[in-house]
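Here is a quick walk through the fold, from the overall picture down to a few odd spots in the backbone. Keep the viewer open and follow along.

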Amino acid sequence: MKDWLTQLAPLLGTDGALVLVTVAQAQGSTPREAGAAMLVSATQAADTIGGGHLEWEATAIARALLRDGTSLRTVRFSLGASLGQCCGGAVWLLFERIEPDSALMWRHRAAAVARGEHLARFVTSRDAQSTWSLLPAGRGSTNFTRAPGDEWQFEQQIGEPPFPISIFGAGHVGEALVRVLAPLGAQIDWIDTREDAFPAELPSNVRMVSTDIPEQAVADAPPGTCFIVLTHSHALDFDLSLAIFRRKDFAYFGLIGSATKRARFEHRLMERGVAPERLEALTCPIGIAGIRSKLPQSIAIAVAAQLLQLRETRLLLQRASLHAASHLAHAHCNSNGSPR
């Protein structure tokens, strides 16, 4: 999830009014994409719009807004020699003052986005502040349009595409995985038969599930879930593996273990009716290749990298599908005069 969103309410509580600085539009080569944001208070800054001189200038402008009480402003920066940055592109930054009495609302918004909702934002050059609303789902998009006379309009949807992950096992590797994956926008179910195995505090997007029937958590998971099995019991690992293969809609199935464990499980799974070709969907050993360390944190990073690769591939395919659908609709309009 966006770091600035989780830090906004706490920073309002400690520092008072602050400025939300957002990359409204990015043209050419830029250090961050449209939608990236940072927070600036009188004494602190949180998150980043790319660092360097651009961020230094943005921080100075934000603090000037805090001093003079301005609520909204846009500024264009050319990332060339004048800023001492070699990106060569240009960015429009949107500066908006956030008042401390909105802290409770921002906590609510951050928690909603952590649960998988999207936060929609709309503001124009004629407004005093943005209009914010929560949506059950969205596209994580931004749109900045300018008109003659310095008028502009900015729309944004803040949130991550669905990224459900079910982690079975509350041991050292399971905890390391939760700590690595939670800040990345995942919606995590962390399942174990031992209630006392979980830490006292969990990130807001992690749901602890203590159950005597962990296989039921497999059945209850939404389509497209990434399953990661690393329990304290090989027998339970196998029962969970069989339950996962009964589903045909999972995005990833990772099983901790060696090549020997994989071979044994494959043999037993085929005996239980799993088709041999489906076993290609099993990832065991887990994690990207080339990382040999057995430290829980190393394993967690290797698995997180593997899941991020999977998520990026799925996003590219979704965008390609949306682009193809848009192109097809445009072609129908051109050939028939109106959409069918």
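## The chain as a whole

Among contacts in the chain between residues at least 6 apart in sequence, 58% join residues at least 24 apart (contact means heavy atoms within 4.5 Å). Keep in mind that this is a predicted model, where local features need pLDDT of at least 70, side-chain atom pairs count only at pLDDT 80 or more, and totals for chains, interfaces and linings use all residues. Residues are numbered from 1 along each chain as its sequence is written, and side-chain values use heavy atoms, with hydrogens and water left out.

The chain has 8 helices and 15 strands; these are DSSP runs numbered from the N terminus, helices being H or I with at least four residues and strands E with at least two. Of its 340 residues, 45% count as buried, where buried means under 20% relative accessible area, exposed over 50%, and partly exposed in between (1.4 Å probe, protein chains only).

## An open sheet with two helices

Look for the open sheet that 5 strands form in the order 3-2-1-5-4, with antiparallel pairing (two strands pair if DSSP finds at least two bridges between them). Strand 3 (45-47) and strand 4 (72-78) sit at the edges with a single partner strand each, so one side of each has no neighbour in the sheet. On average, neighbouring strands here are turned by 20° against each other, direction ignored.

Strand 1 (residues 18-27) and strand 5 (residues 90-98) pair over 9 bridges, in the antiparallel sense. In this pairing, Val 23 stands opposite Leu 93 in strand 5. Helix 2 (residues 52-68) packs on the sheet, touching strands 1, 2, 3, 4 and 5, and its direction makes about 30° with that of strand 5. Helix 1 (residues 3-15) lies across strands 1, 2, 3 and 5, running at about 15° to strand 2 (37-40). Axes are lines fitted to C-alpha atoms, for helices over the stretch in contact, and angles run from 0 to 180 degrees between N-to-C directions.

## Backbone oddities

Two aspartates catch the eye. Asp 47, in strand 3, has a positive phi of about 65° although it isn't a glycine; it is partly exposed, at 26% relative accessible area. Asp 150 also has a positive phi of about 65°, but its place is the loop between strand 8 (142-147) and strand 9 (151-158), and it is exposed at 71%.

Then there's the peptide bond from Cys 284 to Pro 285, which is cis with omega near 5°. Cys 284 is buried, with a relative accessible area of 5%, while Pro 285 lies in the loop between strand 15 (282-283) and helix 8 (296-336).
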